[in-house]
Every structure is written in structure tokens, then in C-alpha cells.
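Thanks for coming, everyone. I'll keep this brief. Please take a look at the model on the screen.

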Amino acid sequence: MTSDSTILPFRKPGDVEDPLTGILRDGARRLLAQAIEAEAEAFLAAMKGERLADGRDRVVRHGLGPVREIQTGIGPVEVQRVKLRDR
């Protein structure tokens, strides 16, 4: 493609051209992570009284799930969920 061409290349969906979009995506990622963490903590708190016969907690944290993309109004945002295990 020469410099005097009127043909413009397509933008890739993941490209961030302006810093504001990057800031918004980072903020959305943090908010989603906080919401996921709060939901997991609330569920663990609700299940705190449940115990197994040997006295251990019935529901426990079990690491993190794989990173996934959630589609938002400003584009895809990567999040990672908390894994909970019911023994």
C-alpha cells in the first residue's frame, strides 16, 4: 500500500487507540473482579456454619478459574473467577 492511497486498514477489535478506553477497561476489570470476590465471600459466609462430620468446613476456596473474556459496552474485558469447592 503506497502513502498516497485512500484505502484505510481495518482496526482490530482488541486494539486500544486512545488512553481513555484503556482506563475504562481497566476500571471495568477491577469492578468485575471486586464484584466476583464479594459474591464468593458472601456465599462462603452464608455457608460458614455448614461442617463435615470431621469438623472441617463444607465449602472452601479452591484457587482461581481460567481467565475469561466478558463482553462489555467498551469491548471485551478479561476476568478471573474464584473457585469454590463443596466437599
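Which residue forms a salt bridge with Arg29? The partner is Asp26, and the closest N and O atoms of the two are 2.7 Å apart. Keep in mind that this is a predicted model.

Let's stay with that pair for a moment. Arg29 and Asp26 are both in helix H1. They sit three residues apart, about one turn of the helix. How covered are they? Arg29 has a relative accessible area of 31%, so it counts as partly exposed. Asp26 is at 36%, so partly exposed as well.

Why would such residues pair at all? Side chains of opposite charge can pair when their charged atoms come close.

The count of salt bridges comes to seven. I'll take two others.

First, Glu37 with Arg61. Their closest N and O atoms are 2.9 Å apart. Glu37 is in helix H1 and Arg61 is in strand E1, so this salt bridge ties together parts that lie 24 residues apart in sequence. Glu37 is partly exposed, with 30% relative accessibility. Arg61 is partly exposed too, at 38%. There is also a network here. Salt bridges with shared partners join Glu37, Glu41 and Arg61.

Next, Lys48 with Asp57. Here the closest N and O atoms are 3.5 Å apart. Lys48 has a relative accessibility of 49%. That makes it partly exposed, because the exposed class begins over 50%.

Now look at Asp57 itself. Where does it lie? It is in the loop between helix H1, residues 19-46, and strand E1, residues 59-72. Besides the salt bridge to Lys48, the Asp57 side chain has a polar contact of 2.4 Å with the side chain of Arg51. Leaving aside residues up to four places away in sequence, Asp57 touches Lys48, Glu50, Arg51, Leu52 and Arg87.

That last name takes us to the other end of the strands. Arg87 is in the segment after E2. Which residues does Arg87 touch, again not counting those up to four places away in sequence? They are Leu52, Arg56, Asp57, Arg58 and Val60. Take Arg58 from that list. Arg87 and Arg58 are 29 residues apart along the chain, and their C-alpha atoms are separated by 5.4 Å. Arg87 is partly exposed, with 37% relative accessibility.

On to the strands. How do E1 and E2 pair, and over how many bridges? They run in the antiparallel sense, over ten bridges, with E2 covering residues 75-86. A hairpin of two residues joins E1 to E2. For one pair to find on the screen, Val60 stands opposite Arg85 in E2. A general reminder while you look at the strands: in a regular strand the side chains alternate between the two faces of the sheet.

Last stop, the surface. Which residues form a nonpolar patch there? Leu20, Leu24 and Ile74 do, with about 250 Å² of accessible area together. Leu24 lies in helix H1. Its relative accessible area is 42%, so Leu24 is partly exposed.

To recap. Arg29 and Asp26 form their salt bridge within helix H1. Glu37 and Arg61 tie helix H1 to strand E1. Asp57, in the loop between H1 and E1, has Arg87 among its contacts. Questions, please.

Key
Residues are numbered from 1 along each chain as its sequence is written. This is a predicted model: local features need pLDDT of at least 70, side-chain atom pairs count only at pLDDT 80 or more; totals for chains, interfaces and linings use all residues. Side-chain values use heavy atoms; hydrogens and water are left out. Helices (H or I, at least four residues) and strands (E, at least two) are DSSP runs, numbered from the N terminus. A polar contact is a pair of N or O atoms within 3.5 Å; within protein, one must be able to donate a hydrogen and the other to accept it, and residues adjacent in sequence count only if both atoms are side-chain atoms. Contact means heavy atoms within 4.5 Å. Patches are made of residues with over 30% relative accessible area and no salt bridge: like charges are joined within 9 Å, nonpolar side chains (Val, Leu, Ile, Met, Phe, Trp, Tyr) within 5 Å. Accessible areas come from the Shrake-Rupley method with a 1.4 Å probe; for residues, only the protein chains shown count as cover. A salt bridge is a side-chain nitrogen of Lys or Arg within 4 Å of a carboxyl oxygen of Asp or Glu. Buried means under 20% relative accessible area, exposed over 50%, partly exposed in between (1.4 Å probe, protein chains only). Two strands pair if DSSP finds at least two bridges between them.
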